[in-house]
Amino acid sequence: MSDAYPAGGVLVVDDEPDLLTLYELTLLREGHEVETAASVGEAWARLQQRVFRLVITDMRLPDGSGLDLLHRLERARRPEKVIVITAFGSAENAVEALKAGAFDYLTKPVDLKQFRAVVAGALGRVPVTTATARPAVLDTPAPLQRLVGGSDAMGQVRELVEKVARSMAPVLVHGESGTGKELVARAIHEVSVRAGQPFVAVNCGAIPENLLESEFFGYRKGAFTGAAEDRAGFFQAAHGGTLFLDEIGDLPLAMQSKLLRVIQERAVRPVGAVAEVPLNVRIVSATHKDLEAEVAAGRFRQDLFYRLNVIRITMPPLRERRGDVPQIAAALLERIARDAGVTPAPRLTAAAEARLARYAFPGNVRELENLLHRAVALSPGDVIDVADLGLPEALLEDASHDAATAGGATESPGALPATAPAPPPGAEPLPPDLARHLDEIERAILVRALQEHGFNRTAAGARLGLSLRQMRYRMARLGITEGGDNGVDLAAG
């Protein structure tokens, strides 16, 4: 490859002269340097002479296909991004191109406004406005550093994140609840050229079905009773950036159909609007469900599944990478302490780390975080020991072994009793969320103690056997603030 040519410019490959001229003129008006080719062979000859920033290629060419050119570029480890143009309705070709490493695709007949937007996205020219620019946070670690863990499984996740961040290919993040799927989605966004643009996270299972369309696509004034003004939806809010659809498997079928159209057309029609609004949005979705089984059962559209599942990233459960627990725990403790204004950050004893390594973690990293929040509040000093963790013995790895030694039981490791004893008559039902239930009880006790001691934190803490540092931490975690909406007005203390 000659060094006489600087890196830059756009190479357009198409065997139809009229289209080639149209694309070339459009790019020239946008200020791009353009070269053209009419075949795979001619394009490869151009590529041997220089490095381009972007290659735009038709799928059908006289001596091969756009995929052939894409595969050559991948094998040669070329730096060019590739946009593939496919025939209308050729969704399979588009998905195949994205899986092969294409940055994005366009379908014929090509809409020139969309063409310019996709090219701008590929070249990193998406404008960053004051309203959408992400503020700089100096103490925020690099996105990939937040995916903590030295296991092979986490190494593969980080490698995939770096790879898929270069393209527009839809990503499906699969994993059990609490494994950190949103963390992966944020990392994909922040490693990509869209890092300065909005990241909009949506929990699909938390929105009432009758509000889904207006929340996702927005609405126009007067579209329905109560629509007093125009309102943008999630898609418009994420324009230029990334839309994260968490728990995508919870969407009802009717909404799945509408979502599929938006993905295909790259445009939304707000409720009550006549015209569609073009979009430039990267979609990352996540689910804990087996979507293949949901498709087989008729609860999830097969065509939408294929659109979303172009690239899959699987987050392993914590029990399958217990060697990562000490690193994750240390990172969580640093963040918990920083959020609560506690210094220095508490640390785990060797015995506490060993106990965590034996725990099954059914709630994964989210459970570990909640557990450490409670441990920080309960520990009298800056060291967290086994007693502060409060781990249930039933879920420790060798609990069944201990039981077998004592009484001959033969349960499998981590197993719970096969049948639970019936509750006594008149007993209150078990809470659906134990952590939240206990937090509410703890909050009520703290507020009561503060009220009884004239809102003096030192005195209230002493009454409960807590230091001032522990009181401050607990109040910060439970949202008990001075002059807040909790009815507590704190005096100095």
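This report walks through a predicted model of one protein chain, from its overall make-up to two sheets, two helices and a proline in a loop.

**Ground rules and overall picture**

The model is predicted, so to speak: local features need a pLDDT of at least 70, side-chain atom pairs count only at pLDDT 80 or more, and totals for chains, interfaces and linings use all residues. Residues are numbered from 1 along each chain as its sequence is written, and side-chain values use heavy atoms, with hydrogens and water left out.

The protein chain has 20 helices and 16 strands; helices (H or I, at least four residues) and strands (E, at least two) are DSSP runs, numbered from the N terminus. Of its 493 residues, 44% are buried, where buried means under 20% relative accessible area, exposed over 50%, and partly exposed in between (1.4 Å probe, protein chains only). Take the contacts between residues at least 6 apart in sequence, and 70% of them join residues at least 24 apart; a contact here means heavy atoms within 4.5 Å.

How confident is the predictor? The average pLDDT (confidence in each residue, from 0 to 100) is 81 for the protein chain, and 85% of the residues score at least 70. Residues 1-6 fall below 50, with 12 contacts in the model beyond near neighbours in sequence. Residues 399-420 are also below 50, and that stretch has 19 such contacts. Where pLDDT is low, the predicted coordinates should not be read in detail.

**The sheet around β3**

One open sheet of 5 strands runs in the order β2-β1-β3-β6-β7, with parallel pairing. Two strands count as paired if DSSP finds at least two bridges between them. At the edges sit β2 (34-37) and β7 (104-107), each pairing on one side only. From one strand to the next the twist averages 20°, with axes being lines fitted to C-alpha atoms (for helices over the stretch in contact) and angles running from 0 to 180 degrees between N-to-C directions.

Here are some of the parallel pairings, each with one pair of residues that stand opposite each other.

| Strands | Bridges | Opposite residues |
|---|---|---|
| β1 and β2 | 4 bridges | Valine 13 and alanine 37 |
| β1 and β3 | 4 bridges | Leucine 11 and valine 55 |
| β3 and β6 | 5 bridges | Threonine 57 and valine 84 |
| β8 and β14 | 4 bridges | Valine 171 and isoleucine 311 |

Strand β3 (residues 54-58) has 5 of its 5 residues buried, so it is largely enclosed by the rest of the structure. Leu54, Ile56 and Asp58 point one way from β3, while Val55 and Thr57 point the other way. That fits the usual rule: in a regular strand the side chains alternate between the two faces of the sheet.

**The sheet around β8**

The other open sheet also has 5 strands with parallel pairing, in the order β9-β10-β13-β8-β14. β9 (199-203) and β14 (311-314) stand at its edges with a single partner strand each, so one side of each is left without a neighbour in the sheet. Neighbouring strands are turned by 20° against each other on average, direction ignored. Helix α6 (residues 152-164) lies across β8, β13 (282-287) and β14, and runs at about 155° to β14.

In the loop between α5 (112-122) and α6 you'll find proline 143. Proline 143 is buried, with a relative accessible area of 17%. Leaving aside neighbours within four places in sequence, proline 143 touches Ala187, Glu190 and Val191. Isoleucine 188 is 45 residues away from proline 143 in sequence but 8.2 Å away in space, C-alpha to C-alpha.

**Two helices with a buried side**

Helix α18 (residues 434-452) has 19 residues and reaches 27 Å from first to last C-alpha, close to the 27 Å expected at 1.5 Å a residue; the expected span is 1.5 Å times one less than the number of residues. Its buried residues are Glu442, Leu446, Val447, Ala449 and Leu450. They cover an arc of only 160° around the axis, which puts them on the same side of α18; the arc is that of the directions from the helix axis to the C-beta atoms. Which helices help cover them? Among them are α15 (364-378), α19 (457-463) and α20 (468-478). The face turned away from the buried side carries the exposed residues Leu434, Glu440, Arg448 and Glu452. Just after α18, glycine 454 takes a positive phi of about 60°.

In helix α3 (residues 66-75), the buried residues are Gly66, Leu67, Leu69, Leu70 and Leu73. Seen down the axis, they fall within an arc of 160°, so they line one face of α3. Just after α3, arginine 77 takes a positive phi of about 55°.

Key. pLDDT is the predictor's confidence in each residue, from 0 to 100.
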